[in-house]
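Me: I have a model open and would like to know how its labels are earned. Could you take me through the reasoning, value against cut-off?

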Amino acid sequence: MPVAHVKTGSAASRRKATRAGPAERIAQELRAQNERFSAAVENMSHGLCMFDAEERMIICNRNYIDLFRLDAKVMKPGIRFFDILQHSVDIGIASQSAEELYAVRKPYIDGAKPSTYEETLADGRIIVISHRPLASGGWVSIYEDVTVQRRAEEELKEQHRRFDAALANMSQGLLMYDADGKMIVRNQRFLELYHATAADFPFGTTHRDALERLLELGIYTKIDVDSEVAKTAACLQAGKMHSTYRYLADGRTFLVVRQPMSGGGWVVTFDDVTERRRAEERMTHLAHHDTLTNLPNRSMFRERLDQALSEAKIAPLAIFSLDLDRFKAVNDTFGHPAGDWLLRCVAERLRRCLRSEKDVVARFGGDEFAIIQSNARGAADAEKLAKRIIEVIGKPYRDKGREMHVGVSLGIALYPGDGQDADTLLTNADMALYRGKSEGRNIYRFFEPGMDAMVRERRALEADLEAALPRREFELDFQPILDIASSDIVGAEALMRWRSPSRGLVPPDDFIAAAEETGLIVQLGDWALRKACGVAAGWPRDMRMAVNVSAAQIKSGGFARSVIAALAFSGMPANRLELEITETVMMDESETVLRTLGQLRGLGVRIALDDFGTGYSSLGYLRRFPVDKIKIDRSFIRDLDKRDTAAIVRTVIRLGAELGITVTAEGVETEAQLEMLRKAGCGEAQGFLIGVPAKASETSRLLRSQEKLRQSG
Ligand code: C2E
Ligand code: MG
Ligand code: MG
């Protein structure tokens with residue numbers, strides 16, 4: 001160690017000095033001093049070079065030689081300063097000529113004051129030179145390589161420039177607080193975002209000051225300064241980022257993110273996310289709502305139901321499954337824009353039917369809706385709501401001078417009785433709806449255990465039916481129709497039967513509805529038409545054939561074509577064919593239906609209104625479309641001995657006479673009934689008394705024998 005070496009040296013000289021004379025002592029002391037000086041010079045971290053008044057080098061240290069990469073052999077004491085410069089030029093370390101370098105140095109050499117200057121070497125290093133004149137003439141120069149330090153400084157400056165540029169160009173507002181909680185950085189964007197000035201938020205502002213200032217400026221309205229300050233403290237303590245949304249008084253939303261810094265203090269960024277939030281809100285709204293009606297959609301309904309169930313626990317709920325009746329007819333008749341308008345009206349009416357904020361009405365698609373009724377006091381409340389809905393939805397919808405009608409059917413499942421979870425409740429409400437639909441329209445039904453079995457059975461029936469047509473499992477029976485006045489059989493009605501290998505002989509009442517539901521009725525009805533016309537073609541010339549037709553067939557389009565084809569194939573004249581329709585056909589109000597019927601009637605085909613008296617029996621239907629025949633439903637004939645019923649039947653018969661419409665009584669089973677009908681002036685009768693539905697061959701035989709009788713009579 002150089003220091004130790006110097007000390008050792010001086011201790012040794014002191015010991016020697018005790019024995020030596022004064023001159024010797026001084027010489028020793030000088031030597032020791034020289035040694036100390038050399039050691040100090042050699043060990044200093046800078047380069048050092050000392051020159052005498054003649055500009056000759058007295059001493060230089062190793063660092064100096066290394067710094068300038070000089071040749072130690074050249075650098076002997078006594079060398080002239082200019083020669084050193086020349087040497088440095090020769091070895092390529094200097095960036096200028098020796099003369100130029102010397103010219104730069106000369107004023108320092110001649111000057112009386114210490115000075116410091118810089119020199120850049122050819123290799124780019126920067127050397128700081130401290131020049132100090134010596135009292136005895138000459139000077140000392142101390143050299144320091146500051147390249148690394150300078151670079152770091154440059155870099156830091158560059159970093160600052162970049163940081164400033166980044167701050168100025170950020171889309172986010174930014175504040176930085178130091179470890180003492182004082183604001184030390186604030187970019188322009190921050191001020192812009194808050195429409196504030198630099199004076200509003202001077203450096204040194206604390207977080208609390210800033211929040212209070214924002215309140216003062218009316219930028220924030222609802223904010224609890226204490227709790228916000230506490231939150232920041234907690235976030236700093238935890239060393240974790242913390243973000244929060246701020247809702248500004250002007251409606252904008254900012255995302256504020258606080259990020260603690262490693263050295264203490266924290267950075268806050270402010271992002272205007274108003275648009276993004278709105279877009280997100282729109283997206284979530286879209287994802288959860290039906291675009292047409294703006295009602296919650298199925299997924300939102302499920303969410304709300306799950307939520308209601310988790311909150312309910314003991315409080316009862318009612319789940320409604322709704323389906324509009326005759327909505328398709330509105331679409332067909334008035335077009336889809338009208339259908340959409342109507343659905344929006346329905347949505348609005350349903351919304352108004354709800355009494356509680358918590359209740360939810362959703363659209364599942366098409367004309368299907370669902371409702372959660374919370375705090376329903378069991379079935380009574382649900383029933384009240386169901387009745388209200390049926391009444392409200394059933395009222396006419398008037399738009400642009402048009403009047404539209406729909407009905408609604410409802411299935412209701414109650415929580416907790418009818419199910420514990422959303423899936424079960426929804427399925428059971430659907431089941432009840434299905435039941436309601438199969439029993440008629442504008443009906444509500446509560447779920448009952450066993451309904452699922454019924455639904456399963458219905459599905460099985462539908463599947464069997466589908467397979468039955470290609471297997472030719474259907475048959476037609478024919479029931480004769482009597483002209484009461486002449487006592488002649490004037491025709492027969494074709495009645496369908498299904499001879500199922502697994503179910504036996506199935507009556508139409510058990511499968512027509514299912515065939516209508518699945519749409520199979522279109523093919524099935526087509527088959528019945530062809531078959532019936534084919535049979536009638538072999539009958540005596542004046543015999544009529546009545547064929548039952550479902551609304552679904554007429555609405556399917558192509559019905560007129562199918563009738564014409566059946567007539568053409570069989571060769572039967574159109575005026576011998578009678579199509580029996582029910583009121584539901586008329587109720588559809590669809591233009592297509594009326595146009596199709598009108599077209600067929602124009603060909604000479606007769607139209608009969610079947611089961612008259614069982615539905616609405618609105619006389620309006622008779623006006624809307626002129627029919628050729630009314631068939632009084634057999635339930636009236638059965639009760640003909642009752643005074644009221646008899647009065648109704650007589651009135652209908654008279655009405656027919658007035659309108660020039662044939663009236664046929666169905667289900668005539670006794671002579672008394674027939675006698676009464678004859679007296680009332682009823683035109684035709686059909687029923688077991690006249691003849692039960694029978695096979696084609698049997699009916700043909702009956703008709704031919706009557707024909708023979710007539711010819712002989
Ligand atoms: P509907 O058109 O009113 O047919 C008359 C029904 O009354 C027939 O029942 C017939 O068997 C029954 N009936 C006739 N006379 C009497 C009687 O004196 N007493 C009693 N109690 N009943 C009598 P069915 O054959 O069971 O047909 C039931 C319904 O099924 C028909 O009522 C009709 O609406 C429908 N249907 C039958 N065949 C077809 C078809 O090919 N297509 C369509 N769409 N529906 C059909
Ligand atoms: Mg009929
Ligand atoms: Mg009938």
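Me: What makes Leu343 and Arg344 contacts of Thr293?
Reply: Contact means heavy atoms within 4.5 Å. Thr293 meets that with Leu343, Arg344, Ala347, Arg351 and Arg363, once residues up to four places away in sequence are set aside. A note on the basis: this is a predicted model, where local features need pLDDT of at least 70, side-chain atom pairs count only at pLDDT 80 or more, and totals for chains, interfaces and linings use all residues. Residues are numbered from 1 along each chain as its sequence is written, chains are lettered from A and ligands numbered from 1 in the order in which they are written, and side-chain values use heavy atoms, with hydrogens and water left out.

Me: Why is Thr293 called buried?
Reply: Buried means under 20% relative accessible area, exposed over 50%, partly exposed in between (1.4 Å probe, protein chains only). Thr293 has 7%, so it counts as buried. It sits in the loop between α10 (274–288) and α11 (298–312); helices (H or I, at least four residues) and strands (E, at least two) are DSSP runs, numbered from the N terminus.

Me: How do you know that Thr293 and Asp290 share a polar contact?
Reply: A polar contact is a pair of N or O atoms within 3.5 Å; within protein, one must be able to donate a hydrogen and the other to accept it, and residues adjacent in sequence count only if both atoms are side-chain atoms. The side chains of Thr293 and Asp290 are joined at 2.4 Å, and that qualifies.

Me: What makes Glu493 a donor to the magnesium ion (ligand 2)?
Reply: Donors are N, O and S atoms within 2.8 Å of the metal (3.2 Å for Na, K and Ca); water is not among the atoms, so sites may look incomplete. Glu493 (OE), Asn548 (OD1), Glu580 (OE) and Asp610 (OD) coordinate this ion at 2.0 to 2.2 Å. Glu493 is in strand β19 (residues 488–500) and Asn548 in strand β21 (residues 544–548), so the pair ties together parts that are 55 residues apart in sequence.

Me: Are Glu493 and Asn548 buried or partly exposed?
Reply: Glu493, at 4% relative accessibility, counts as buried. Asn548, at 29%, counts as partly exposed.

Me: What does Asp610 do between the two magnesium ions?
Reply: Asp610 coordinates both the magnesium ion (ligand 2) and the magnesium ion (ligand 3), which are 4.1 Å apart.
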